Amino acid sequence: MNSKRRSNGEGSFWQLPDRTWVYQITVGRKENGSPERKSFKGRTKAICRQRGEVWLAEREAQKKIDAAKRQKQLDEEQRYLALGHYPESEAPFGEAFLGWLKLYKAPPTRKPSTYAGYLNTYNSHFAEYFGDMPLYSVTQDVVQDYYQQKQLSGARKDGKDGGLSPKTIRNHHMILKDFFSYAQKKYRLPANPVLDTTRPEVITPEMRVLSPSEMQVFIEEVMRESQRVAILTALFVGFRVGELLALDIADLDVERQTLTVNKNLIRVSTAALSPENPNIRIIDYNPAKKTHLIVQSTPKTKSSNREIAISDGLCELLIRHLFTLAHSSWPNPNNLLFPSAKGTYLDPRSLAIRLNAVSKRCEIRNVNPHALRHTLATRLVEEKTPLNIVQGILGHSSLETTRKYIHKNEDVEREAIERMSDYLDIEKLASAPQLNGAKKRSKFSGIILPDFSKTHREIPPESA
């Protein structure tokens, strides 16, 4: 006689040879119509049945959770159809953008200078145009209109009439593109409104490069400046101005005849600074000030960390410069290579102002710190210096693939820099005490440079 057919979940038991029990229940049907079963093993029938009941209860609970999720999705879809956007995308642009900056672009993830640049762009440009807009309303047409307006009247930093440069608009585009890529997921935007916009073509202006004859005139005029050695060093090694002014005496190795770049001096807004950041040193911190000079422990890019060979002439000029400082009234408690008259860091803006003054006196237009880097690069290329050597000297991050295969050759680099010394007439440029020794490259070995931190002298109030 056939037994009564069991319903789903009723189950059956059998005992294994090891005297443990198996409880099996039918939980449904497969696509082919065959039963889908679930088994539970235990020492007794009661344990097996209990495990089955627990599993069935969890299964039902999960069904309810899944059903709730499906209902929520249906409700959200209904709201989306009614509103035309998801509720998350109603967040104001300003609130969302500043939150993104703080989370992804602020120190210590990024350098203070990078964060300050983003903040300045928001405060000067984005806030007025996008600030209160809900994210869903920032469409492709809205972004395109922003680019058009900024080309016509861009609120330039220099106060002049006219729009922003194509390069500045491109920079704004890259920031917005990055932000809206994040906002698509965070705020459920249907698309990135920046992707299909049109920007003005960026035409890179030809950088000012001094000709050999202009270099001679420029060098002679530079000798009237108190920071002449700093300016000449910028010309003959091509350091960025922040790298140059962050140098301390320990970065000059007189035996190896090298200068090492491992930090950067830059002025940033106080709003972008965190005094707790271990990667920066804030000069004379005062939260009431709008901006501060800071020393970043890393220069602009990874490739900016470098040790550059310098010529005999430049090395001797730097040594003479230090001994001249040691016999002057200038304090230098931080052992800076190029201190100000007050013994503090030179502001990069001050050096740029002095270069502009030299430029005007020479009647040579547009001489700025970057022009000196381009001049060095041009002279080196004219001398057929390999591009990877020039790249290493300037600390550029491009040509990275080439640099993986072409390794730094210190002898080639030294020869390249040595060629620049033809423009450097030590006897004509300096009148500091003569130094002993004449051995090439090692002629400065054994010289102990002045330690200003041990001989700090206060400046009389009337001369400060």
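Two strands are said to pair here if DSSP finds at least two bridges between them, and the strands themselves, like the helices, are DSSP runs numbered from the N terminus, with E over at least two residues for a strand and H or I over at least four for a helix. With that in hand, let me start with a small example: Leu-252 has Leu-259, in β5, as its bridge partner.

Before going further, I should say that this is a predicted model, in which local features need pLDDT of at least 70 and side-chain atom pairs count only at pLDDT 80 or more, while totals for chains, interfaces and linings use all residues. Residues are numbered from 1 along each chain as its sequence is written, and side-chain values use heavy atoms, with hydrogens and water left out.

Back to that example. β4 and strand β5 (residues 258-261) are joined by 2 bridges and run antiparallel, and they belong to an open sheet of 3 strands in the order β4-β5-β9, where the pairing is antiparallel. Because β4 (252-253) and β9 (306-309) stand at the edges with a single partner strand each, one side of each is left without a neighbour in the sheet.

Now to the N-terminal part, where another open sheet has 3 strands in the order β1-β2-β3, again with antiparallel pairing. Its edge strands are β1 and β3, each of which pairs on one side only, and neighbouring strands of this sheet are turned by 30 degrees against each other on average, direction ignored; such angles are taken between axes, which are lines fitted to C-alpha atoms, for helices over the stretch in contact, and they otherwise run from 0 to 180 degrees between N-to-C directions. Between β1 and β2, which run antiparallel, there are 4 bridges, and Ser-12 has Gln-24 in β2 as its bridge partner.

Helix α1 lies across β1, β2 and β3 and runs at about 130 degrees to β3. How far apart are the end C-alpha atoms of helix α1? They are 57 Å apart, which agrees with the 57 Å that its 39 residues (45-83) should span at 1.5 Å a residue, the expected span being 1.5 Å times one less than the number of residues. Buried, meaning under 20% relative accessible area, as against exposed at over 50% and partly exposed in between, with a 1.4 Å probe and protein chains only, describes Cys-48, Gly-52 and Glu-76 in α1. Cys-48 counts as buried because its relative accessibility is 0%. The cover over the buried residues of α1 includes β1 (12-15), β2 (21-29) and β3 (35-42), where contact means heavy atoms within 4.5 Å. Just after α1, Gly-84 takes a positive phi of about 90 degrees.

Helix α4 can be checked in the same manner: its 13 residues (140-152) should span 18 Å at 1.5 Å a residue, and its end C-alpha atoms are 19 Å apart, which agrees. Its buried residues include Val-142, Tyr-146 and Lys-150, and the buried residues of α4 pack against α3 (112-130) and α5 (166-186).

Let me turn to the interior. A nonpolar core is a set of buried Ala, Val, Leu, Ile, Met, Phe, Trp, Tyr and Cys residues joined through side-chain atoms within 4.5 Å. The largest has 64 residues, and among those with the most contacts inside it are Phe-218, Leu-318 and Leu-372. Helix α7 (residues 228-237) gives the most to this core, with 8 residues. Apart from it lies another core, of 37 residues, including Phe-93 and Ile-175. Leaving out residues up to four places away in sequence, Leu-372 touches Leu-210, Phe-218, Ile-231, Ala-234, Leu-235, Leu-355 and Val-367.

Is Arg-379 buried or exposed? This residue, found in helix α11 (residues 369-382), counts as buried because its relative accessibility is 6%. Neighbours within four places aside, Arg-379 is in contact with residues including Val-209, Leu-210, Met-420 and Tyr-423.

Finally, strand β8 (residues 291-296) is mostly covered, with 5 of its 6 residues buried. Strand β6 (residues 264-269) is joined to β8 by 6 bridges, running antiparallel, and Val-268 stands opposite His-292 in β8. Strand β7 (residues 280-282) also pairs with β8 in the antiparallel sense, over 3 bridges, and there Arg-281 stands opposite Val-295.
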